[in-house]
Amino acid sequence: MEDINLDTPDIMDAKEAAKIWGKNNGYVRTYYKQNPDKFPSGSIRKFGQAWVVTTKAMEAITGEKDPRKKE
C-alpha cells in the first residue's frame, strides 16, 4: 500500500481550493454534482461534511495550472 502524505499542499478542502483558483465557495461541490466524470480517479472525496480535492482535480476541472506555482 502506498503512503499518502497529508502534509502536502496538493490536498485541500474544496472551499480553500475554490479560493485559490478564484472561484466561489460552492464551485467544487456544484461542479462535482454536475460533472463527476471530469474528476480524475481518486482526486476528490467527501469526509463527513467536508469535500477534499487534489491539485490535479482542480487543474482538470478549471483547465488552469495551480496559481500558487506560477512564476
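**Charge pairing, surface charge and overall fold**

At a relative accessibility of 37%, Arg68 counts as partly exposed, a class lying between buried (under 20% relative accessible area) and exposed (over 50%), with a 1.4 Å probe and protein chains only. The model is predicted; local features need pLDDT of at least 70 and side-chain atom pairs pLDDT 80 or more, whereas totals for chains, interfaces and linings use all residues. Residues are numbered from 1 along each chain as its sequence is written, and side-chain values use heavy atoms, with hydrogens and water left out.

Arg68 is located in the segment after α3. The side chain of Arg68 meets that of Asp66 in a salt bridge, with an N to O distance of 2.7 Å; the term denotes a side-chain nitrogen of Lys or Arg within 4 Å of a carboxyl oxygen of Asp or Glu. Side chains of opposite charge can pair when their charged atoms come close. The partners fall into separate accessibility classes: Asp66 is buried, because its relative accessible area is 2%, while Arg68 is partly exposed at 37%. The C-alpha atom of Arg68 is separated by 9.0 Å from that of Trp21, a residue 47 positions away along the chain.

Two salt bridges are found when the whole structure is searched. Besides the pair of Arg68 and Asp66, Asp10 forms a salt bridge with Lys69, in which the closest N and O atoms are 3.4 Å apart. This contact links distant parts of the chain, given that Asp10 belongs to the segment before β1 (11-13) and Lys69 to the segment after α3 (55-62), with their positions 59 residues apart. Asp10 counts as partly exposed because its relative accessibility is 28%; Lys69, at 54%, counts as exposed.

Further residues of these two segments were examined. Pro67 also lies in the segment after α3 and, with a relative accessibility of 28%, is classed as partly exposed. Pro67 and Thr8 are 59 residues apart along the chain, and their C-alpha atoms are separated by 16 Å. In the segment before β1 lies Ile4, which counts as exposed because its relative accessibility reaches 63%. Between Ile4 and Lys23, 19 residues apart in sequence, the C-alpha to C-alpha distance is 27 Å.

On the surface, Lys15, Arg29, Lys33 and Lys46 gather in a patch of positive charge (residues with over 30% relative accessible area and no salt bridge, like charges being joined within 9 Å). Arg29 is part of helix α2, which covers residues 27-34. With a relative accessibility of 37%, Arg29 is classed as partly exposed.

At the level of the whole fold, the protein has three helices and three strands, taken as DSSP runs (H or I, at least four residues, for helices; E, at least two, for strands) numbered from the N terminus. Starting at the N terminus, these elements follow the order β-α-α-β-β-α. The radius of gyration is 12 Å, close to the 11 Å that the globule rule gives for 71 residues, so the protein is as compact as a globular protein of that length; the radius is taken over C-alpha atoms, and the rule is 2.2 Å times the number of residues to the power 0.38. The C-alpha trace spans about 35 × 35 × 20 Å along its principal axes. Of the 71 residues in the protein, 30% are buried, and Asp66 is one of the buried residues.

Definitions and conventions:
Patches are made of residues with over 30% relative accessible area and no salt bridge: like charges are joined within 9 Å, nonpolar side chains (Val, Leu, Ile, Met, Phe, Trp, Tyr) within 5 Å. Accessible areas come from the Shrake-Rupley method with a 1.4 Å probe; for residues, only the protein chains shown count as cover. Lys and Arg count as positive and Asp and Glu as negative; His and the chain ends are not counted. The place of a charge is taken as NZ of Lys, CZ of Arg, CG of Asp or CD of Glu.
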